[in-house]
Structures are given as C-alpha cells and as structure tokens.
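Thanks for sending this one over. Here are my notes, point by point, to read with the model open beside you.

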Amino acid sequence: MAALRAAGRTSLVDSAVEQLRAQLTEGAWSVGDRIPTEHELAQQLGVGRNTVREAIRVLVHAGLLESRQGNGTFVRSTADPAAVLRGVRHAGARDVLELRTALEAEAARLAAERRDTHDLLRLRAALTTLREEGDRDADADLAFHLAVVAATHNTAFIEVYRFFSTQVHEVLVEALGDRAMPPVDIDAHEALVAAVEAGDADAAERQARELLRVPARTVAALAEESAAAAGAEPGART
C-alpha cells in the first residue's frame with residue numbers, strides 16, 4: 001500500500017478519518033482484510049496512536065471497519081454510506097421523488113402480499129395518528145410510510161428506506177424553500193391501507209404512486225417557476 005500523506009496539524013482526527021476512508025473506498029484493502037496496526041498507521045499518517053484510535057472508532061461506527069478483540073481491525077465494507085448521503089443531498093428534488101416513488105411502490109406491493117395482523121394494527125394506528133396530528137405533520141407521515149415498509153418483512157428494504165427517508169424529506173424541504181409542504185392526502189393513505197388489508201398488491205402499488213403525485217406536481221411547478229425566473233433575469237437571452 002502506498003504511504004498515506006502526513007496529516008496536518010489541524011483537525012488531526014478528521015484528517016486521519018478522511019485519509020483512511022479514501023484508502024478504503026479506493027480499494028487499498030478488500031473486505032475481510034486486516035488493516036495495519038495503530039502503530040503502523042500512526043507512522044504512515046504522521047500522527048499519534050490516540051489520533052489513529054479515534055479515527056478507527058469513527059470508521060467502525062460508520063460501518064466501514066470492525067474491531068475484533070485480540071485480532072485487530074478488519075474491513076467490513078468499502079462502500080461509504082456518507083458518500084451515498086452526500087449524493088442524495090446534492091440530487092434534485094425530482095430525482096429524489098422518483099427514488100422515493102420506486103421504493104414506496106414496491107414496499108406497498110410487498111406489504112399487501114406479506115402483512116400480518118400486527119402489521120395491519122400498526123398501519124391503522126399510524127393512519128389514526130396522521131388524522132389527529134394534521135395533514136402537514138411530516139413525522140406522522142413518515143411513521144405511516146415506515147409502517148408500510150415494515151410490513152414487507154424484508155430487513156434490507158426496511159434499513160434502506162430508513163436510511164434514505166430523512167434525507168429525502170430534507171431535500172424536498174430545501175426545494176420548497178418558504179413554501180409549505182403540500183398537504184397530506186388522508187383519503188389516499190386510507191385507500192393504501194385498504195389495499196394492503198385486502199391483500200391486493202396491484203392496488204397497493206397504484207395507491208402508493210398516487211400518494212406522491214401531488215408532491216411530484218409541486219416539484220414540477222417549482223422547476224417551471226425557477227426556469228421562468230432565470231429567463232426573466234436581466235441580460236438573459238430571449
């Protein structure tokens with residue numbers, strides 16, 4: 001492995017984290033490999049062993065490394081979740097909505113096929129909370145959709161949705177700016193629950209897509225407004 005650059009004096013732990021993260025994502029070590037010892041990394045980075053220890057702790061928490069008592073530290077993953085999050089944050093609102101639609105439509109289909117009594121009770125409770133909290137309560141709406149995803153009984157799906165859901169909301173809020181979030185269509189949520197209860201996978205997928213039509217139209221209108229404003233700026237070509 002090529003020697004790592006010596007970390008600067010400022011933010012030593014952050015510098016060590018970023019340089020180790022880069023080595024991981026660039027393939028310096030493969031999944032399952034044991035990384036060099038703290039002493040070796042400290043020499044390569046030009047920092048103290050305490051700094052290396054803290055950097056490794058950060059990367060363990062991020063899911064990239066795994067510490068095994070008495071055996072050392074091993075590569076758990078070379079795919080950096082932070083990079084994925086940055087990509088989502090920098091994506092446009094339309095792109096994010098398309099991703100959300102794909103996830104929620106398939107989740108609704110699977111939920112209709114796999115739901116059990118506990119799932120249906122949880123969905124009804126989430127729908128009741130959504131009605132009580134108001135049609136613009138983002139937390140209540142998110143809880144409802146998490147209940148749908150939980151009914152898939154697919155651990156990977158649940159974790160991916162949980163991973164993306166907060167980021168998706170933040171991107172949409174930023175895109176809307178000072179405008180209020182579109183009101184939640186309670187009747188459409190009710191129709192989705194009814195489809196899941198009936199075990200109708202096609203109807204459930206259709207209703208999940210219908211739920212996102214209003215936000216999609218809102219985002220499309222915002223894009224048109226932005227394009228029109230850009231065209232109206234002084235000096236813009238006509």
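1. I'll begin with an odd spot. Keep in mind that this is a predicted model. H153 counts as partly exposed because its relative accessibility is 45%. Look for H153 in the loop that runs between α7 (138-150) and α8 (155-176). Its backbone is worth a glance too: phi of H153 is near 55°, a positive value in a residue other than glycine. For background, most residues other than glycine have a negative phi.

2. Now the overall layout. The protein has 11 helices and two strands. Reading from the N terminus, the order of elements is α-α-α-β-β-α-α-α-α-α-α-α-α. Of the 238 residues in the protein, 38% are buried. If you take the contacts with a separation of 6 or more, residues 24 or more positions apart account for 68% of them. On the outside, the protein exposes about 13500 Å², and carbon and sulfur atoms supply 49% of that area.

3. Where does the largest nonpolar core get its residues? This core has 21 residues, and the ones touching the most other members are A108, L123, F144, V148, L192, V196 and A204. At least two residues each come from α5 (93-114), α6 (117-133), α7, α9 (186-198) and α10 (201-211). V148 makes a handy place to start clicking: leaving out residues up to four places away in sequence, V148 touches A107, A108, A111, L123 and L192. There is also a second, separate core of 17 residues, with V17, L20, I56 and V75 among them.

4. Next, a charged residue in helix α5, namely E104. Is E104 buried or exposed? It counts as buried, because its relative accessibility is 5%, under the 20% cut-off. The side chain of E104 has a partner in R100, with a polar contact of 2.7 Å joining the two side chains. Beyond four places in sequence, E104 touches H145, Y161, A208 and L212.

5. D141, in helix α7, makes a good companion to that point. D141 has a relative accessibility of 13%, so it counts as buried. Which residue does the side chain of D141 meet in a polar contact? The partner is the side chain of H189, at 2.9 Å. D141 and H189 are 48 residues apart along the chain, while their C-alpha atoms are separated by 9.4 Å. Leaving out sequence neighbours up to four places away, D141 touches R100, L130, V184 and H189. Note that R100 turns up here as a contact of D141 and above as the polar partner of E104.

6. Over to the strands. T73 sits in strand β2 (residues 72-75), and T73 counts as buried because its relative accessibility is 13%. With residues up to four places away set aside, T73 touches D33, R34, I35, I56, L65, E66 and S67. One of those contacts, I56, is also a member of the second core.

7. Last, the rings. How many aromatic pairs are there? The count comes to zero. F74 does have a charged residue over its face, though: R68 lies there, at 4.0 Å from the ring centre.

Key:
Residues are numbered from 1 along each chain as its sequence is written. This is a predicted model: local features need pLDDT of at least 70, side-chain atom pairs count only at pLDDT 80 or more; totals for chains, interfaces and linings use all residues. Side-chain values use heavy atoms; hydrogens and water are left out. Helices (H or I, at least four residues) and strands (E, at least two) are DSSP runs, numbered from the N terminus. Buried means under 20% relative accessible area, exposed over 50%, partly exposed in between (1.4 Å probe, protein chains only). Contact means heavy atoms within 4.5 Å. Rings of Phe, Tyr and Trp (its six-membered ring) pair if their centres lie within 6.5 Å; planes under 30 degrees apart count as stacked, over 60 as edge-to-face and the rest as tilted. A charge sits over a ring if NZ of Lys or CZ of Arg is within 6 Å of the ring centre and within 35 degrees of the ring normal. A nonpolar core is a set of buried Ala, Val, Leu, Ile, Met, Phe, Trp, Tyr and Cys residues joined through side-chain atoms within 4.5 Å. A polar contact is a pair of N or O atoms within 3.5 Å; within protein, one must be able to donate a hydrogen and the other to accept it, and residues adjacent in sequence count only if both atoms are side-chain atoms. Accessible areas come from the Shrake-Rupley method with a 1.4 Å probe; for residues, only the protein chains shown count as cover.
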